[in-house]
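Open the viewer and get ready to click. We will go stop by stop, selecting one thing at a time.

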Amino acid sequence: MGSTSTKIKLRTSDQKVFEVEKAVAVHVIHVHSVSGDILSKILDYCKKHVNSAAGKEDISPEELYEWDANFVKVDQNTLFDLILAANCLKIESLLDLTCQTEIRTTFNIKNDYTIEAEEAVRRENKWAFDMLGV
Amino acid sequence: MEGEGEEQTSIWNKETVPKVMKIVSTRLAQRDLISLLLLSPWIHRTLISYPSLWLSIDLREMNNAGGRLIAALSLPRYQHVKQISLEFAQDIDDDHLEVIKSKCLGSLQDLESLNLNGCQKISDKGIEAITSCCLKLKVFSIYWNVRATDEGVKHLVKNCKYIVDLNFSGCKHLSDKSLQLVADNYPELESLNLTRCVKMTDSGLQQVFVKCSFLQSLNLYALSSFTDEAYKKISVLSHLKFLDLCGAQNLSDDGLSCIAKCKKLVSLNLTWCVRVTDVGVIAIAESCTSLEFLSLFGIVGVTDKCLEALSKSCANTMTTLDVNGCIGIKRRSRDDLLKLFPYLRCFKVHS
(Lines give C-alpha, C1' and ligand atoms only; values in the text may rest on other atoms or scores of the structure.)
Protein backbone atom coordinates (compact mmCIF):
# COMPACT_ATOMS: atom_id res chain seq x y z
CA MET A 1 0.00 0.00 0.00
CA GLY A 2 2.40 2.60 -1.18
CA SER A 3 1.43 6.18 -0.52
CA THR A 4 3.11 8.85 -2.59
CA SER A 5 2.52 11.58 -0.04
CA THR A 6 3.92 11.66 3.49
CA LYS A 7 1.46 12.48 6.23
CA ILE A 8 2.16 14.50 9.34
CA LYS A 9 0.20 14.59 12.61
CA LEU A 10 -0.50 17.89 14.34
CA ARG A 11 -1.77 18.25 17.88
CA THR A 12 -3.40 21.54 18.90
CA SER A 13 -3.62 23.41 22.19
CA ASP A 14 -7.02 21.82 22.86
CA GLN A 15 -5.71 18.31 22.18
CA LYS A 16 -7.26 17.81 18.77
CA VAL A 17 -5.20 15.79 16.32
CA PHE A 18 -5.06 16.53 12.61
CA GLU A 19 -3.42 14.40 9.98
CA VAL A 20 -2.24 16.29 6.92
CA GLU A 21 0.01 15.85 3.93
CA LYS A 22 3.51 17.11 4.42
CA ALA A 23 3.29 19.53 1.52
CA VAL A 24 0.40 21.26 3.22
CA ALA A 25 1.94 21.53 6.66
CA VAL A 26 5.23 23.09 5.70
CA HIS A 27 6.03 24.15 9.21
CA VAL A 28 5.08 21.70 11.92
CA ILE A 29 6.44 23.50 14.95
CA HIS A 30 4.57 25.39 17.68
CA VAL A 31 1.16 24.04 16.86
CA HIS A 32 0.46 23.66 20.55
CA SER A 33 -0.28 27.39 20.80
CA VAL A 34 -3.00 27.24 18.13
CA SER A 35 -6.55 26.06 18.81
CA GLY A 36 -8.33 23.39 16.82
CA ASP A 37 -10.76 25.75 15.09
CA ILE A 38 -8.07 28.08 13.91
CA LEU A 39 -5.79 25.29 12.80
CA SER A 40 -8.65 23.79 10.87
CA LYS A 41 -9.19 27.06 9.01
CA ILE A 42 -5.49 27.41 8.37
CA LEU A 43 -5.26 23.94 6.95
CA ASP A 44 -8.13 24.77 4.61
CA TYR A 45 -6.22 27.83 3.46
CA CYS A 46 -2.98 25.92 2.96
CA LYS A 47 -4.67 23.06 1.15
CA LYS A 48 -6.42 25.46 -1.19
CA HIS A 49 -3.27 27.36 -2.05
CA VAL A 50 -0.98 24.37 -2.35
CA ASN A 51 -3.48 22.54 -4.54
CA SER A 52 -4.03 25.51 -6.78
CA ALA A 53 -0.30 26.14 -7.12
CA ALA A 54 0.34 22.49 -7.90
CA GLY A 55 -2.43 22.43 -10.45
CA LYS A 56 -4.35 19.83 -8.49
CA GLU A 57 -7.36 22.09 -8.35
CA ASP A 58 -8.64 23.96 -11.35
CA ILE A 59 -9.10 27.46 -10.01
CA SER A 60 -8.31 30.75 -11.68
CA PRO A 61 -6.35 33.50 -9.87
CA GLU A 62 -9.54 35.56 -9.70
CA GLU A 63 -11.45 32.70 -8.11
CA LEU A 64 -8.62 32.23 -5.63
CA TYR A 65 -8.76 35.91 -4.65
CA GLU A 66 -12.49 35.62 -4.13
CA TRP A 67 -11.95 32.55 -2.03
CA ASP A 68 -9.37 34.45 0.02
CA ALA A 69 -11.72 37.40 0.41
CA ASN A 70 -14.42 35.11 1.78
CA PHE A 71 -11.92 33.32 3.94
CA VAL A 72 -11.20 36.49 5.92
CA LYS A 73 -14.84 37.45 6.35
CA VAL A 74 -14.75 36.53 10.01
CA ASP A 75 -15.18 38.35 13.29
CA GLN A 76 -12.37 40.40 14.79
CA ASN A 77 -11.40 37.73 17.33
CA THR A 78 -11.06 35.03 14.72
CA LEU A 79 -9.08 37.38 12.52
CA PHE A 80 -6.66 38.12 15.36
CA ASP A 81 -6.27 34.42 16.05
CA LEU A 82 -5.55 33.79 12.40
CA ILE A 83 -2.92 36.52 12.39
CA LEU A 84 -1.24 35.10 15.48
CA ALA A 85 -1.29 31.58 14.13
CA ALA A 86 -0.07 32.57 10.68
CA ASN A 87 2.75 34.51 12.31
CA CYS A 88 3.60 31.57 14.55
CA LEU A 89 3.50 29.06 11.72
CA LYS A 90 5.31 31.47 9.42
CA ILE A 91 2.76 31.28 6.65
CA GLU A 92 3.71 34.50 4.90
CA SER A 93 0.93 34.70 2.37
CA LEU A 94 -1.77 34.13 4.97
CA LEU A 95 -0.14 36.72 7.19
CA ASP A 96 -0.23 39.24 4.37
CA LEU A 97 -3.87 38.50 3.67
CA THR A 98 -5.01 38.72 7.28
CA CYS A 99 -2.93 41.80 8.10
CA GLN A 100 -4.22 43.68 5.10
CA THR A 101 -7.75 42.78 6.09
CA GLU A 102 -7.10 43.89 9.64
CA ILE A 103 -5.58 47.19 8.53
CA ARG A 104 -8.52 47.82 6.26
CA THR A 105 -10.89 47.18 9.15
CA THR A 106 -8.95 49.29 11.64
CA PHE A 107 -8.58 52.22 9.33
CA ASN A 108 -11.99 51.72 7.82
CA ILE A 109 -10.57 51.49 4.32
CA LYS A 110 -12.78 50.30 1.58
CA ASN A 111 -11.03 47.93 -0.75
CA ASP A 112 -12.42 49.18 -4.00
CA TYR A 113 -9.91 47.45 -6.17
CA THR A 114 -11.43 45.60 -9.08
CA ILE A 115 -10.20 42.06 -9.23
CA GLU A 116 -8.19 42.82 -12.36
CA ALA A 117 -6.59 45.92 -10.85
CA GLU A 118 -5.70 44.11 -7.67
CA GLU A 119 -4.25 41.22 -9.65
CA ALA A 120 -2.17 43.69 -11.65
CA VAL A 121 -0.76 45.35 -8.53
CA ARG A 122 -0.06 41.96 -7.01
CA ARG A 123 1.73 40.79 -10.12
CA GLU A 124 3.94 43.82 -10.49
CA ASN A 125 4.98 43.56 -6.84
CA LYS A 126 5.40 39.80 -6.68
CA TRP A 127 9.15 40.26 -6.61
CA ALA A 128 9.01 41.72 -3.08
CA PHE A 129 7.45 38.65 -1.53
CA ASP A 130 9.08 35.43 -0.51
CA MET A 131 8.02 32.64 -2.84
CA LEU A 132 8.92 29.88 -0.45
CA GLY A 133 6.09 28.25 1.43
CA VAL A 134 2.44 28.93 0.77
CA MET B 1 -27.23 64.23 7.48
CA GLU B 2 -26.46 61.54 4.97
CA GLY B 3 -24.51 63.97 2.85
CA GLU B 4 -22.44 64.91 5.86
CA GLY B 5 -21.68 61.28 6.57
CA GLU B 6 -20.54 60.73 3.02
CA GLU B 7 -18.36 63.81 3.14
CA GLN B 8 -16.80 62.60 6.40
CA THR B 9 -16.08 59.26 4.82
CA SER B 10 -14.57 60.98 1.85
CA ILE B 11 -12.32 63.17 4.00
CA TRP B 12 -11.37 60.11 6.00
CA ASN B 13 -10.43 58.14 2.89
CA LYS B 14 -8.79 60.85 0.87
CA GLU B 15 -7.05 62.93 3.50
CA THR B 16 -6.79 61.35 6.92
CA VAL B 17 -5.95 57.81 5.97
CA PRO B 18 -3.30 58.81 3.43
CA LYS B 19 -1.71 61.17 5.98
CA VAL B 20 -1.55 58.44 8.59
CA MET B 21 -0.36 55.93 6.04
CA LYS B 22 2.45 58.23 5.04
CA ILE B 23 3.66 58.40 8.64
CA VAL B 24 3.21 54.70 9.27
CA SER B 25 4.85 53.68 6.04
CA THR B 26 8.15 55.37 6.77
CA ARG B 27 8.53 52.95 9.67
CA LEU B 28 7.74 49.80 7.77
CA ALA B 29 10.03 47.20 6.28
CA GLN B 30 9.93 46.94 2.50
CA ARG B 31 7.63 43.96 2.39
CA ASP B 32 5.06 45.52 4.68
CA LEU B 33 5.22 48.82 2.85
CA ILE B 34 4.48 47.13 -0.44
CA SER B 35 1.64 45.20 1.19
CA LEU B 36 -0.02 48.54 1.90
CA LEU B 37 -0.25 49.14 -1.83
CA LEU B 38 -2.75 46.33 -1.99
CA LEU B 39 -5.18 47.88 0.46
CA SER B 40 -7.01 50.18 -1.90
CA PRO B 41 -6.42 52.19 -5.05
CA TRP B 42 -6.38 55.41 -3.02
CA ILE B 43 -3.64 54.15 -0.72
CA HIS B 44 -1.75 52.90 -3.74
CA ARG B 45 -1.95 56.24 -5.50
CA THR B 46 -1.05 58.15 -2.35
CA LEU B 47 1.94 56.07 -1.37
CA ILE B 48 3.28 56.00 -4.90
CA SER B 49 3.16 59.78 -4.90
CA TYR B 50 5.65 60.00 -2.02
CA PRO B 51 9.04 59.50 -3.70
CA SER B 52 10.89 59.29 -0.38
CA LEU B 53 9.31 55.91 0.31
CA TRP B 54 10.80 54.31 -2.75
CA LEU B 55 14.49 55.04 -2.52
CA SER B 56 15.61 51.60 -1.45
CA ILE B 57 15.36 48.05 -2.84
CA ASP B 58 16.11 45.31 -0.34
CA LEU B 59 16.65 41.84 -1.77
CA ARG B 60 18.93 40.52 0.94
CA GLU B 61 19.06 36.72 1.13
CA MET B 62 16.28 36.31 -1.41
CA ASN B 63 16.31 33.65 -4.08
CA ASN B 64 15.73 34.48 -7.75
CA ALA B 65 17.31 37.82 -6.94
CA GLY B 66 18.23 38.60 -10.54
CA GLY B 67 14.68 38.29 -11.73
CA ARG B 68 13.33 40.17 -8.73
CA LEU B 69 15.73 43.05 -9.25
CA ILE B 70 14.78 43.39 -12.90
CA ALA B 71 11.08 43.34 -11.95
CA ALA B 72 11.56 45.98 -9.30
CA LEU B 73 13.60 48.28 -11.51
CA SER B 74 11.00 48.20 -14.24
CA LEU B 75 8.49 49.85 -11.91
CA PRO B 76 8.28 53.62 -12.36
CA ARG B 77 8.30 54.30 -8.63
CA TYR B 78 11.91 53.09 -8.37
CA GLN B 79 13.21 55.50 -11.01
CA HIS B 80 15.22 57.37 -8.37
CA VAL B 81 16.32 54.48 -6.21
CA LYS B 82 19.36 55.38 -4.13
CA GLN B 83 20.21 52.13 -2.40
CA ILE B 84 20.14 48.50 -3.52
CA SER B 85 21.12 45.58 -1.35
CA LEU B 86 21.64 42.11 -2.74
CA GLU B 87 23.64 40.89 0.23
CA PHE B 88 23.71 37.09 0.18
CA ALA B 89 20.99 37.04 -2.43
CA GLN B 90 20.97 33.99 -4.66
CA ASP B 91 20.50 33.45 -8.38
CA ILE B 92 21.90 36.73 -9.60
CA ASP B 93 24.61 36.67 -12.24
CA ASP B 94 26.29 38.71 -14.97
CA ASP B 95 23.44 38.07 -17.41
CA HIS B 96 20.94 39.74 -15.11
CA LEU B 97 23.17 42.76 -14.79
CA GLU B 98 23.55 42.92 -18.57
CA VAL B 99 19.77 42.89 -18.92
CA ILE B 100 19.51 45.70 -16.39
CA LYS B 101 22.10 47.67 -18.32
CA SER B 102 20.17 47.33 -21.55
CA LYS B 103 16.66 47.78 -20.16
CA CYS B 104 16.81 49.75 -16.93
CA LEU B 105 19.53 52.26 -17.57
CA GLY B 106 17.43 55.20 -16.43
CA SER B 107 16.45 53.72 -13.08
CA LEU B 108 19.95 53.59 -11.72
CA GLN B 109 21.00 57.12 -12.49
CA ASP B 110 20.57 58.22 -8.87
CA LEU B 111 21.95 55.08 -7.25
CA GLU B 112 24.37 55.90 -4.46
CA SER B 113 24.85 52.60 -2.70
CA LEU B 114 25.20 49.11 -4.13
CA ASN B 115 25.71 46.05 -1.96
CA LEU B 116 26.73 42.89 -3.82
CA ASN B 117 28.11 41.12 -0.76
CA GLY B 118 28.19 37.38 -1.26
CA CYS B 119 26.91 37.49 -4.85
CA GLN B 120 29.46 34.98 -5.94
CA LYS B 121 28.22 34.46 -9.48
CA ILE B 122 29.00 38.01 -10.48
CA SER B 123 32.28 38.52 -12.30
CA ASP B 124 34.13 41.47 -13.87
CA LYS B 125 31.63 41.43 -16.71
CA GLY B 126 28.73 42.00 -14.33
CA ILE B 127 30.64 44.68 -12.46
CA GLU B 128 31.24 46.48 -15.77
CA ALA B 129 27.57 46.26 -16.68
CA ILE B 130 26.14 47.50 -13.42
CA THR B 131 28.67 50.25 -12.75
CA SER B 132 28.12 51.66 -16.22
CA CYS B 133 24.54 52.39 -15.14
CA CYS B 134 25.18 54.11 -11.84
CA LEU B 135 27.60 56.92 -12.41
CA LYS B 136 26.74 58.62 -9.13
CA LEU B 137 27.65 55.62 -7.02
CA LYS B 138 29.27 56.46 -3.69
CA VAL B 139 29.24 53.18 -1.79
CA PHE B 140 30.27 49.91 -3.41
CA SER B 141 30.50 46.65 -1.51
CA ILE B 142 31.37 43.28 -3.03
CA TYR B 143 32.44 41.19 -0.08
CA TRP B 144 33.52 37.60 -0.67
CA ASN B 145 33.60 37.70 -4.44
CA VAL B 146 36.40 35.48 -5.72
CA ARG B 147 35.72 36.13 -9.38
CA ALA B 148 36.39 39.84 -9.24
CA THR B 149 39.80 40.82 -10.57
CA ASP B 150 41.69 44.05 -11.20
CA GLU B 151 39.78 44.28 -14.49
CA GLY B 152 36.54 44.70 -12.60
CA VAL B 153 38.05 47.47 -10.51
CA LYS B 154 39.22 49.10 -13.73
CA HIS B 155 35.60 49.29 -14.88
CA LEU B 156 34.50 50.59 -11.52
CA VAL B 157 36.91 53.50 -11.50
CA LYS B 158 36.16 54.31 -15.12
CA ASN B 159 32.42 54.54 -14.52
CA CYS B 160 32.00 55.71 -10.95
CA LYS B 161 33.90 58.85 -10.09
CA TYR B 162 32.39 59.60 -6.70
CA ILE B 163 33.10 56.53 -4.62
CA VAL B 164 33.78 57.25 -0.94
CA ASP B 165 33.22 53.80 0.55
CA LEU B 166 34.72 50.60 -0.87
CA ASN B 167 34.45 47.09 0.52
CA PHE B 168 36.65 44.50 -1.19
CA SER B 169 36.72 42.15 1.78
CA GLY B 170 37.42 38.61 0.65
CA CYS B 171 38.08 39.51 -2.98
CA LYS B 172 41.27 37.54 -2.88
CA HIS B 173 42.27 38.06 -6.49
CA LEU B 174 42.61 41.81 -6.29
CA SER B 175 46.22 42.95 -6.40
CA ASP B 176 48.26 46.13 -6.04
CA LYS B 177 46.91 47.10 -9.44
CA SER B 178 43.50 47.63 -7.89
CA LEU B 179 45.05 49.69 -5.12
CA GLN B 180 46.79 51.84 -7.71
CA LEU B 181 43.49 52.37 -9.50
CA VAL B 182 41.77 53.31 -6.25
CA ALA B 183 44.56 55.66 -5.24
CA ASP B 184 44.61 57.37 -8.63
CA ASN B 185 40.86 57.81 -8.86
CA TYR B 186 39.44 58.29 -5.39
CA PRO B 187 41.27 61.05 -3.55
CA GLU B 188 38.15 61.63 -1.43
CA LEU B 189 37.89 58.01 -0.30
CA GLU B 190 36.69 57.71 3.31
CA SER B 191 36.35 54.01 3.93
CA LEU B 192 38.32 51.05 2.57
CA ASN B 193 38.01 47.39 3.51
CA LEU B 194 40.74 45.07 2.20
CA THR B 195 40.13 42.12 4.54
CA ARG B 196 41.83 38.99 3.18
CA CYS B 197 43.00 40.61 -0.09
CA VAL B 198 46.13 38.54 0.24
CA LYS B 199 47.75 39.47 -3.07
CA MET B 200 48.23 43.06 -2.01
CA THR B 201 51.64 44.25 -0.85
CA ASP B 202 53.27 47.23 0.88
CA SER B 203 53.78 49.03 -2.40
CA GLY B 204 50.11 49.09 -3.36
CA LEU B 205 49.03 50.06 0.13
CA GLN B 206 51.46 52.96 0.26
CA GLN B 207 49.94 54.40 -2.90
CA VAL B 208 46.58 54.53 -1.19
CA PHE B 209 47.94 56.23 1.91
CA VAL B 210 49.68 58.92 -0.05
CA LYS B 211 46.75 59.74 -2.32
CA CYS B 212 43.67 59.05 -0.18
CA SER B 213 44.39 61.38 2.68
CA PHE B 214 40.79 61.64 3.84
CA LEU B 215 40.49 58.00 4.86
CA GLN B 216 38.55 57.58 8.07
CA SER B 217 38.18 53.83 8.11
CA LEU B 218 40.77 51.25 7.06
CA ASN B 219 40.31 47.52 7.45
CA LEU B 220 43.36 45.29 6.92
CA TYR B 221 42.00 42.27 8.78
CA ALA B 222 43.82 38.97 8.21
CA LEU B 223 46.58 40.45 6.04
CA SER B 224 49.84 39.19 7.40
CA SER B 225 52.31 40.08 4.68
CA PHE B 226 52.41 43.84 5.08
CA THR B 227 55.38 45.31 6.90
CA ASP B 228 56.37 48.47 8.73
CA GLU B 229 57.23 49.97 5.35
CA ALA B 230 53.54 50.37 4.74
CA TYR B 231 52.36 50.61 8.36
CA LYS B 232 54.55 53.60 9.06
CA LYS B 233 52.90 55.53 6.24
CA ILE B 234 49.51 55.22 7.94
CA SER B 235 50.64 58.23 9.98
CA VAL B 236 49.68 60.60 7.15
CA LEU B 237 46.02 59.68 7.48
CA SER B 238 45.14 62.44 9.89
CA HIS B 239 41.39 61.72 9.71
CA LEU B 240 41.67 58.04 10.52
CA LYS B 241 39.18 56.90 13.15
CA PHE B 242 38.86 53.17 12.59
CA LEU B 243 41.83 50.87 11.98
CA ASP B 244 41.74 47.07 11.94
CA LEU B 245 45.14 45.41 11.91
CA CYS B 246 44.11 42.00 13.16
CA GLY B 247 46.82 39.51 12.21
CA ALA B 248 49.46 42.12 11.36
CA GLN B 249 52.26 39.87 12.57
CA ASN B 250 55.01 42.08 11.15
CA LEU B 251 53.86 45.26 12.87
CA SER B 252 56.59 46.47 15.23
CA ASP B 253 56.58 49.10 17.96
CA ASP B 254 58.16 51.45 15.43
CA GLY B 255 55.29 50.97 13.06
CA LEU B 256 52.72 51.35 15.82
CA SER B 257 54.42 54.50 17.11
CA CYS B 258 53.99 56.03 13.67
CA ILE B 259 50.34 54.97 13.60
CA ALA B 260 49.96 56.79 16.92
CA LYS B 261 50.19 60.03 14.97
CA CYS B 262 46.61 59.38 13.85
CA LYS B 263 45.29 61.22 16.87
CA LYS B 264 41.64 60.84 15.97
CA LEU B 265 41.68 57.06 16.31
CA VAL B 266 38.56 55.78 18.05
CA SER B 267 38.80 52.09 17.21
CA LEU B 268 42.01 50.06 16.97
CA ASN B 269 42.24 46.30 16.54
CA LEU B 270 45.69 44.88 17.26
CA THR B 271 44.59 41.25 17.71
CA TRP B 272 47.55 38.92 17.10
CA CYS B 273 49.98 41.77 16.45
CA VAL B 274 52.49 39.62 18.25
CA ARG B 275 55.57 41.80 17.83
CA VAL B 276 53.99 44.73 19.67
CA THR B 277 55.12 45.55 23.22
CA ASP B 278 54.41 48.24 25.82
CA VAL B 279 56.46 50.73 23.78
CA GLY B 280 54.03 50.79 20.86
CA VAL B 281 50.86 50.70 22.95
CA ILE B 282 52.09 53.48 25.20
CA ALA B 283 52.79 55.59 22.13
CA ILE B 284 49.17 55.04 21.11
CA ALA B 285 47.95 55.84 24.63
CA GLU B 286 49.82 59.14 24.73
CA SER B 287 48.55 60.34 21.40
CA CYS B 288 45.13 58.83 20.74
CA THR B 289 43.14 60.23 23.59
CA SER B 290 39.69 59.43 22.20
CA LEU B 291 40.16 55.68 21.99
CA GLU B 292 36.92 53.77 22.63
CA PHE B 293 37.69 50.32 21.25
CA LEU B 294 40.99 48.48 21.62
CA SER B 295 41.95 44.86 21.20
CA LEU B 296 45.31 43.54 22.31
CA PHE B 297 44.15 39.95 22.08
CA GLY B 298 46.99 37.45 21.93
CA ILE B 299 49.80 39.95 22.45
CA VAL B 300 52.11 38.47 25.09
CA GLY B 301 54.64 41.31 25.05
CA VAL B 302 52.40 43.90 26.76
CA THR B 303 52.23 44.41 30.52
CA ASP B 304 50.24 46.34 33.13
CA LYS B 305 52.37 49.36 32.24
CA CYS B 306 50.55 49.91 28.96
CA LEU B 307 47.15 49.63 30.64
CA GLU B 308 48.16 52.32 33.12
CA ALA B 309 49.18 54.58 30.26
CA LEU B 310 45.92 53.91 28.45
CA SER B 311 43.94 54.60 31.58
CA LYS B 312 45.65 57.97 32.01
CA SER B 313 44.44 59.23 28.68
CA CYS B 314 41.45 57.12 27.69
CA ALA B 315 39.72 56.20 30.94
CA ASN B 316 36.71 58.31 30.04
CA THR B 317 36.28 57.03 26.53
CA MET B 318 37.25 53.34 26.59
CA THR B 319 34.20 51.11 26.36
CA THR B 320 35.66 47.99 24.72
CA LEU B 321 38.95 46.44 25.74
CA ASP B 322 40.05 42.92 24.89
CA VAL B 323 43.15 41.72 26.72
CA ASN B 324 42.41 38.02 26.58
CA GLY B 325 45.58 36.00 26.11
CA CYS B 326 47.76 38.94 27.23
CA ILE B 327 49.64 36.87 29.75
CA GLY B 328 52.10 39.70 30.38
CA ILE B 329 49.30 41.68 32.04
CA LYS B 330 48.87 40.48 35.62
CA ARG B 331 45.87 42.50 36.68
CA ARG B 332 43.29 41.85 33.97
CA SER B 333 40.25 40.50 35.71
CA ARG B 334 37.00 42.24 34.99
CA ASP B 335 37.22 44.19 38.23
CA ASP B 336 40.84 45.15 37.60
CA LEU B 337 39.91 46.55 34.21
CA LEU B 338 36.88 48.42 35.50
CA LYS B 339 39.10 50.16 38.03
CA LEU B 340 41.20 51.53 35.20
CA PHE B 341 38.39 52.04 32.71
CA PRO B 342 35.13 52.71 34.53
CA TYR B 343 32.99 52.82 31.39
CA LEU B 344 34.02 49.45 30.00
CA ARG B 345 31.09 47.41 28.68
CA CYS B 346 32.73 44.88 26.43
CA PHE B 347 35.68 42.71 27.39
CA LYS B 348 35.89 40.41 24.40
CA VAL B 349 36.33 41.21 20.74
CA HIS B 350 38.12 38.25 19.32
CA SER B 351 36.85 34.70 19.70
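**Stop 1: the interface.** Show chain A and chain B together. About 2,300 Å² of area is buried between chain B and chain A. Carbon and sulfur atoms give 63% of that area. Keep in mind that this is a predicted model.

Now zoom in on chain B's side. Select B:R31, B:L38 and B:L39. These residues supply 31% of the area that chain B buries against chain A. No other three residues supply more.

Next, select every residue that takes part. How many does each chain bring to the contact? Chain B brings 28 residues, and chain A brings 24. Here, contact means heavy atoms within 4.5 Å.

**Stop 2: chain A alone.** Hide chain B. Colour chain A by secondary structure. You should find 5 helices and 2 strands. In which order do they come along the sequence? Start at the beginning and follow the chain: the pattern reads β-β-α-α-α-α-α.

Switch on the surface. Chain A exposes about 7,900 Å², and carbon and sulfur atoms supply 52% of this. Chain A has 134 residues, of which 40% count as buried.

**Stop 3: a labelled stretch.** Select residues 102-128 of chain A. An unreviewed UniProt entry lists them as "domain: SKP1 component dimerisation". What does the chain do here? Over residues 102-128, chain A is 56% helix and 0% strand. Click the C-alpha atoms at the two ends of the stretch: they are 21 Å apart.

**Stop 4: chain B alone.** Bring chain B back and hide chain A. Colour chain B by secondary structure too. Its count comes to 14 helices and 11 strands. Turn the C-alpha trace around: along its principal axes, it spans about 85 × 55 × 30 Å.

Surface on again. Chain B exposes about 15,600 Å², with 53% supplied by carbon and sulfur atoms. What share of the residues in chain B is buried? Of 351 residues, 53% are buried.

**Stop 5: charges on chain B.** Colour the charged side chains. Chain B has 41 positive and 39 negative ones. How far apart are the centres of the two sets? They lie 2 Å apart.

**Last stop: contacts along each chain.** Take contacts with a separation of 6 or more. In chain B, residues 24 or more positions apart account for 75% of them. In chain A, residues 24 or more positions apart account for 41%. Pick a residue in either chain, show its neighbours, and read off their numbers.

How values were computed. Residues are numbered from 1 along each chain as its sequence is written. Chains are lettered from A and ligands numbered from 1 in the order in which they are written. This is a predicted model: local features need pLDDT of at least 70, side-chain atom pairs count only at pLDDT 80 or more; totals for chains, interfaces and linings use all residues. Side-chain values use heavy atoms; hydrogens and water are left out. Helices (H or I, at least four residues) and strands (E, at least two) are DSSP runs, numbered from the N terminus. Buried means under 20% relative accessible area, exposed over 50%, partly exposed in between (1.4 Å probe, protein chains only). Accessible areas come from the Shrake-Rupley method with a 1.4 Å probe; for residues, only the protein chains shown count as cover. Lys and Arg count as positive and Asp and Glu as negative; His and the chain ends are not counted. The place of a charge is taken as NZ of Lys, CZ of Arg, CG of Asp or CD of Glu. UniProt positions are given in the numbering used here, feature names are shortened, and annotations may be inferred rather than shown by experiment. Buried area is the accessible area (1.4 Å probe) that two parts lose on being put together, summed over both.
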